[in-house]
Amino acid sequence: LIYNPSTTPPTGHAPTTSLLLQLDQVLTRTLFHHHVDYLCEWKCPLTPSRSRWIYACLARMEKPWHREECCAVRRVLRECCERRWELKMTTATE
């Protein structure tokens with residue numbers, strides 16, 4: 001399988017139900033952790049598409065979650081709180 005950017009939509013693929021049902025739990029967890037890393041480690045923007053993928057992965061994962069997933073959810077929460085705080089601070093100084 002070779003990646004071809006011309007066949008990928010500019011906004012990426014949507015997390016459709018049929019696509020999510022093709023993913024096993026290991027792949028779902030891996031995909032979720034990749035999105036968390038993009039958001040928290042690489043400071044990529046939280047786009048609507050990334051938000052949909054994170055939500056879809058969380059909904060698809062079997063419960064109870066492992067401690068790695070719980071930790072990753074807390075990381076996303078802390079990152080969102082930090083970004084919101086920075087947004088408040090930039091608007092307050094203007």
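The residues that line the largest pocket divide into 6 nonpolar, 7 polar and 1 charged. In this grouping, Ala, Val, Leu, Ile, Met, Phe, Trp, Tyr, Cys and Pro count as nonpolar, Asp, Glu, Lys and Arg as charged, and the others, Gly among them, as polar. The tour starts at this pocket.

This is a predicted model, in which local features need pLDDT of at least 70 and side-chain atom pairs count only at pLDDT 80 or more, while totals for chains, interfaces and linings use all residues. Residues are numbered from 1 along each chain as its sequence is written, and side-chain values use heavy atoms, with hydrogens and water left out.

**First stop: the largest pocket**

Select Gly12, His13, Leu31, His35 and Trp53, which are the closest to the centre of the largest pocket among the 14 residues that line it. The space in this pocket is about 390 Å³. A pocket is found on a 1 Å grid over the protein atoms alone, as an open set of points where a 1.4 Å probe fits, with protein on both sides within 12 Å along at least five of seven lines; lining residues have an atom within 4 Å of a point. Grid points are joined across faces, edges and corners, and a volume is the space filled by probe spheres set on the points.

Next, colour helix 2 (25-40) and helix 3 (48-60), the elements that give two or more residues to the lining of the largest pocket. Helix 2 gives the most, with 4 residues.

**Second stop: the whole chain**

Zoom out to show the protein, which has 4 helices and 0 strands. Helices (H or I, at least four residues) and strands (E, at least two) are DSSP runs, numbered from the N terminus. From that end on, the elements run α-α-α-α. The C-alpha atoms fill a box of roughly 50 × 40 × 20 Å, taken along the principal axes.

Of the 94 residues, 24% are buried. Here buried means under 20% relative accessible area, exposed means over 50%, and partly exposed lies in between (1.4 Å probe, protein chains only). Among contacts with a separation of 6 or more, residues 24 or more positions apart account for 75%; a contact means heavy atoms within 4.5 Å.

**Third stop: helix 3**

Select helix 3, which has 13 residues and reaches 18 Å from its first C-alpha to its last, close to the 18 Å expected at 1.5 Å a residue. The expected span of a helix is 1.5 Å times one less than its number of residues. Show the side chains of Ser49, Arg50, Trp53, Ile54, Ala56, Cys57 and Leu58, which are buried in helix 3. These buried residues pack against helix 1 (17-21), helix 2 and helix 4.

Within helix 3, centre the view on Ser49. Ser49 counts as buried because its relative accessible area is 18%. Add Gly12 to the selection: Ser49 and Gly12 are 37 residues apart in sequence and 7.6 Å apart in space, C-alpha to C-alpha.

Then follow the chain into the loop between helix 3 and helix 4, where Pro64 is placed. A cis peptide bond joins Lys63 and Pro64, with omega at about 0 degrees.

**Fourth stop: helix 4**

Select residues 67-93 to display helix 4, which has 27 residues and reaches 39 Å from its first C-alpha to its last, close to the 39 Å expected. The buried residues of helix 4 are Glu69, Ala72, Val76 and Glu79, and helix 2 is included in what covers them.

Choose Glu79, in helix 4, which is buried with a relative accessible area of 6%. Apart from residues up to four places away in sequence, Glu79 touches Leu39, Cys40 and Lys43.

Move from there to Lys43, in the loop between helix 2 and helix 3. Lys43 has a positive phi of about 55 degrees although it is not a glycine. With 45% relative accessibility, Lys43 counts as partly exposed.

**Last stop: the cysteines**

A disulfide is a covalent bond between the sulfur atoms of two cysteines. Counting as one any pair of cysteine sulfur atoms within 2.5 Å, a search of the whole structure finds 0 disulfides. Select Cys44, which is in no disulfide, and Cys40, whose sulfur is the nearest cysteine sulfur, 10 Å away. Cys44 counts as partly exposed, at 22% relative accessibility.

Finally, select Cys80, which is also in no disulfide; the nearest cysteine sulfur is that of Cys81, 7.1 Å away. Cys80 is partly exposed, at 30% relative accessibility.
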